[in-house]
Amino acid sequence: MKLSVSNHTSNLYAKYVNVLACGDKPVSVFKLQEFTQDLAECQLLLNDFKWDDWYQNSHLVDSPEYIADASLHECQLLLTAMTRLERFSPGVMDNMRRQGVLIAILERCNNFSVKLAC
């Protein structure tokens, strides 16, 4: 696991927890774009992405509870797919935010960060 992932995930969580956890309240498109840029900078998006992997794991977005046991790679896979889908279907990220999926993924990634620091 890359050290930069563990170093930046806690900061990312702190920066976006209130934005992503606001439920049905509207969130600026620019804030979600900033979030996507930060995901890339924190190396949480996969460079080697295969849509087949997404299809095999897409059930994880059906419920935020499913993400509680996801691996770091699965979290990265979900985030990468969502950011790519957002390019062609604007609103994907906001929909995942409203459903609680983005905050669940960020909490899971933050959990990995805490474990690495111990």
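These exercises, with worked solutions, cover a predicted model.

Residues are numbered from 1 along each chain as its sequence is written, and side-chain values use heavy atoms, with hydrogens and water left out. Local features need pLDDT of at least 70 and side-chain atom pairs count only at pLDDT 80 or more, while totals for chains, interfaces and linings use all residues.

**Exercise 1. Fold and confidence**

Task: State how many helices and strands the protein has, and which element has the lowest mean pLDDT.

Solution:
- Count the elements. Helices (H or I, at least four residues) and strands (E, at least two) are DSSP runs, numbered from the N terminus. The protein has six helices and zero strands.
- Read the order. From the N terminus on, it is α-α-α-α-α-α.
- Check the confidence. pLDDT is the predictor's confidence in each residue, from 0 to 100. The protein averages 88, and 88% of the residues score at least 70.
- Rank the elements. Helix H1 (residues 3-20) has the lowest mean pLDDT, 77, and H4 has the highest, 96.
- Keep a caution in mind. Where pLDDT is low, predicted coordinates should not be read in detail.

**Exercise 2. Helix H4**

Task: Test the span of H4 against 1.5 Å a residue, then list its buried residues.

Solution:
- Compute the expectation. The expected span of a helix is 1.5 Å times one less than its number of residues. H4 has 17 residues, so it should span 24 Å.
- Compare. The end C-alpha atoms of H4 are 25 Å apart, which agrees.
- List the buried positions. Buried means under 20% relative accessible area, exposed over 50%, and partly exposed in between (1.4 Å probe, protein chains only). In H4, Leu 72, Cys 75, Gln 76, Leu 77, Leu 78, Leu 79, Thr 80, Ala 81, Met 82 and Thr 83 are buried.

**Exercise 3. The nonpolar core**

Task: Find which residues have the most contacts inside the largest nonpolar core, and which helix supplies its largest share.

Solution:
- Define the set. A nonpolar core is a set of buried Ala, Val, Leu, Ile, Met, Phe, Trp, Tyr and Cys residues joined through side-chain atoms within 4.5 Å.
- Find the hubs. The largest such core has 36 residues, and Ile 67, Met 82 and Ile 105 have the most contacts inside it.
- Assign the helices. H1, H2 (29-41), H4, H5 (92-98) and H6 (101-117) each supply at least two residues of this core. The largest share, eight residues, comes from H6.
- Follow one hub. Contact means heavy atoms within 4.5 Å. Not counting residues up to four places away in sequence, Ile 67 touches Leu 60, Cys 75, Leu 78, Val 101, Ala 104, Ile 105 and Arg 108.

**Exercise 4. Around Leu 60**

Task: Decide whether Leu 60 is buried or exposed, and place it in the model.

Solution:
- Locate Leu 60. Its place is the loop between helix H3 (51-57) and helix H4 (72-88).
- Classify it. Leu 60 is buried, because its relative accessibility is 6%.
- List its partners. Beyond four places in sequence, Leu 60 touches Tyr 66, Ile 67, Ala 70, Glu 74 and Leu 78.
- Add a distance. Leu 60 and Val 101 are 41 residues apart in sequence, yet 8.8 Å apart C-alpha to C-alpha.
- Turn to Asn 57. This residue is in helix H3, and a relative accessible area of 15% makes it buried. Outside four places in sequence, Asn 57 contacts Glu 74, Leu 77 and Leu 78.

**Exercise 5. The cysteines**

Task: Explain why Cys 75 and Cys 109 are not bonded.

Solution:
- Set the criterion. A disulfide is a pair of cysteine sulfur atoms within 2.5 Å.
- Count. The structure holds zero disulfides. Cys 42 is in none, and its nearest cysteine sulfur, that of Cys 109, is 10.0 Å away.
- Examine Cys 75. Its closest cysteine sulfur, in Cys 109, is 4.3 Å away, too far for a bond.
- Compare burial. Cys 75 is buried at 0% relative accessibility. Cys 42 is buried at 9%.

**Exercise 6. Arg 97 and Gln 43**

Task: Classify each residue as buried, partly exposed or exposed.

Solution:
- Take Arg 97. It is found in helix H5 and counts as buried at 1% relative accessibility. Its contacts beyond four places in sequence include Val 19, Leu 20, Pro 26, Leu 32 and Leu 102.
- Take Gln 43. It sits in the loop between H2 and H3 and is partly exposed, with a relative accessible area of 34%.
- Check its backbone. Gln 43 has a positive phi of about 60°, although it is not a glycine. Most residues other than glycine have a negative phi.
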